[in-house]
There are 2 protein chains.
Amino acid sequence: MKPPAKKPPVARRRRPDNRSLASHEIELAEFFVQMAGILGVPRSVAQIYALLYAANSALDFDQIQAKLGMSKGSVSQGLKFLRDHEMILSVKAKGVRRERWEPTPSLAASLVNLVRRQVLPALQQSTPALQRVLDGAQTAGASPEVLERLSRLKRWNARALELFPLMLPPSRGG
Amino acid sequence: MKPPAKKPPVARRRRPDNRSLASHEIELAEFFVQMAGILGVPRSVAQIYALLYAANSALDFDQIQAKLGMSKGSVSQGLKFLRDHEMILSVKAKGVRRERWEPTPSLAASLVNLVRRQVLPALQQSTPALQRVLDGAQTAGASPEVLERLSRLKRWNARALELFPLMLPPSRGG
DNA sequence: GCCTCAGTTCAATTTTTATTGAAACTTATG
DNA sequence: CATAAGTTTCAATAAAAATTGAACTGAGGC
């Protein structure tokens, strides 16, 4: 587990100093980076999202790269992640090739999506696995307490699978 | 973000082969490891928990180390983590120095604890931060849309802070 | 009071994950 | 069709996180 933030986390890494960002943009990025950390989303993705979130208008690839001092690769991957999770939308002006990005209206929906994509596949996989575990334990002569624990786990798993899809309609087309 | 499990994840790392674990114990460990991954809990911790979860009786330090083929350091830190999050309990027989461990009765409560400890401090910190962001944006002449987004974020943060403590009584003594 | 056992700490190391950047790919457009 | 803008890919590299193990601590027993 990541070391729980000891003292002043003295910036050891050579990060661009983002002179072009206003202080409130920097602070918002810090907020998103922290939240993203909990969800296992990389810093660069959170930074991009924060930038778009606080922007008065949609931004294009190069603006993002310049403002954050980030490599093309990171910007591309970050935008892909955000697109895939329906957290940003492209705003196309006709006659303009370049895509411009802004956050989707509902951050809430995006977050639910994000969590669902992490958790659902795991839950689905584990349904048969937990059954096998229970069978194995029974065969191996596990105590009644252990069998009870394992059954409870299996019931939970099943219930979570039922409940999850109700949180929000799945993304269309997926 | 961790590469999303490409092909057969051919075990590259030299992990102990745990010959002494029954197949259902191994499969349960895999389940817990996967779930732990989502919560950002290290593999070794999940393995220890799984071992205790499927054990017919409480296990001591050396038994855990032997069964999992893990270093003393990892076992010590893993047990500390599990203790700190109230996921295991020590069962003391008198006249015996060595501590023996078993899972706490409620995995649910433990998980809520775990999540709360990750999220609550972040939410608390961000309350003033988000206010500053909003003020800064206002000063910097942000558009009404941006100001609206930021206010919504702030309201959410506040609401989450209200709601969280209701999930379960906080651990006593903390 | 010393010795031993049980466990902890933490610097060094290994493993995993994120980021970079140059080359490759993909269209719109002259 | 050639060009070039816009973007993606991916091998190499950097950074972060987990694990190890040897030195250390401290509670009991003797």
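This is a short walk through a predicted model with chains A and B.

Let me start with confidence. Chain A has an average pLDDT of 85. A score of at least 70 is reached by 83% of its residues. Now the weak parts. Residues 5-17 of chain A stay under 50 in pLDDT. For that stretch the model has one contact beyond four places in sequence. Residues 170-174 of chain A are also below 50. There the model shows three contacts beyond near neighbours in sequence. Where pLDDT is low, predicted coordinates should not be read in detail. So I leave the coordinates of such stretches alone.

Next, the fold of chain A. We have six helices and three strands. Reading from the N terminus, the order is α-α-β-α-α-β-β-α-α. Chain A holds 174 residues, and 25% of them are buried. Take the contacts in chain A between residues at least 6 apart in sequence. Of these, 53% join residues at least 24 apart.

On to the cores. Which residues touch the most other members of the largest nonpolar core? They are Ile48(A), Tyr49(A), Ala50(A), Leu51(A) and Leu52(A), in a core of 33 residues. Both chains feed this core. From chain A, helices H1 (23-39), H2 (43-53), H3 (61-68) and H4 (72-84) each supply at least two residues. From chain B, helices H5 (107-139) and H6 (144-163) each do so too. H2(A) gives the most, with eight residues. A second core lies apart from this one, with 32 residues. Its members include Tyr53(B), Ala54(B), Leu68(B) and Met70(B). As background, nonpolar side chains tend to be buried together in soluble globular proteins.

Stay with Ile48(A) for a moment. Leave out residues up to four places away in sequence. Then Ile48(A) touches Ile64(A), Leu68(A), Val75(A), Gly78(A), Leu79(A) and Leu82(A).

Now the contact between the chains. Chain A puts in 31 residues, and chain B puts in 31 residues. On the chain A side, H1, H5 (107-139) and H6 (144-163) are the elements giving two or more residues. Which of them gives the most? H5(A), with 10 residues. By type, the chain A side splits into 19 nonpolar, nine polar and three charged residues.

A backbone detail next. Most residues other than glycine have a negative phi. Glu86(A) has a positive phi, near 55°. Glu86(A) sits in the loop between H4 and strand E2 (88-91) of chain A. Is Glu86(A) buried or partly exposed? Partly exposed, because it has 16 C-beta neighbours inside 10 Å, and buried would take 20 or more.

Chain B has its own case. Phi of Glu86(B) is positive as well, near 55°. Glu86(B) lies in the loop between helix H4 (72-84) and strand E2 (88-91) of chain B. With 15 C-beta neighbours inside 10 Å, Glu86(B) counts as partly exposed.

Last stop, Lys72(B). Its place is in helix H4 of chain B. Lys72(B) has 10 C-beta neighbours inside 10 Å, so it counts as exposed; the cut-off there is 12 or fewer. How far apart are Lys72(B) and Met87(B) in space, C-alpha to C-alpha? The distance is 20 Å, with their positions 15 residues apart in sequence numbering.

Note on methods: Residues are numbered from 1 along each chain as its sequence is written. Chains are lettered from A and ligands numbered from 1 in the order in which they are written. This is a predicted model: local features need pLDDT of at least 70, side-chain atom pairs count only at pLDDT 80 or more; totals for chains, interfaces and linings use all residues. A nonpolar core is a set of buried Ala, Val, Leu, Ile, Met, Phe, Trp, Tyr and Cys residues joined through C-beta atoms within 7 Å. Helices (H or I, at least four residues) and strands (E, at least two) are DSSP runs, numbered from the N terminus. Two residues are in contact if their C-beta atoms, placed from the backbone, lie within 7 Å. pLDDT is the predictor's confidence in each residue, from 0 to 100. Ala, Val, Leu, Ile, Met, Phe, Trp, Tyr, Cys and Pro count as nonpolar, Asp, Glu, Lys and Arg as charged, and the others, Gly among them, as polar.
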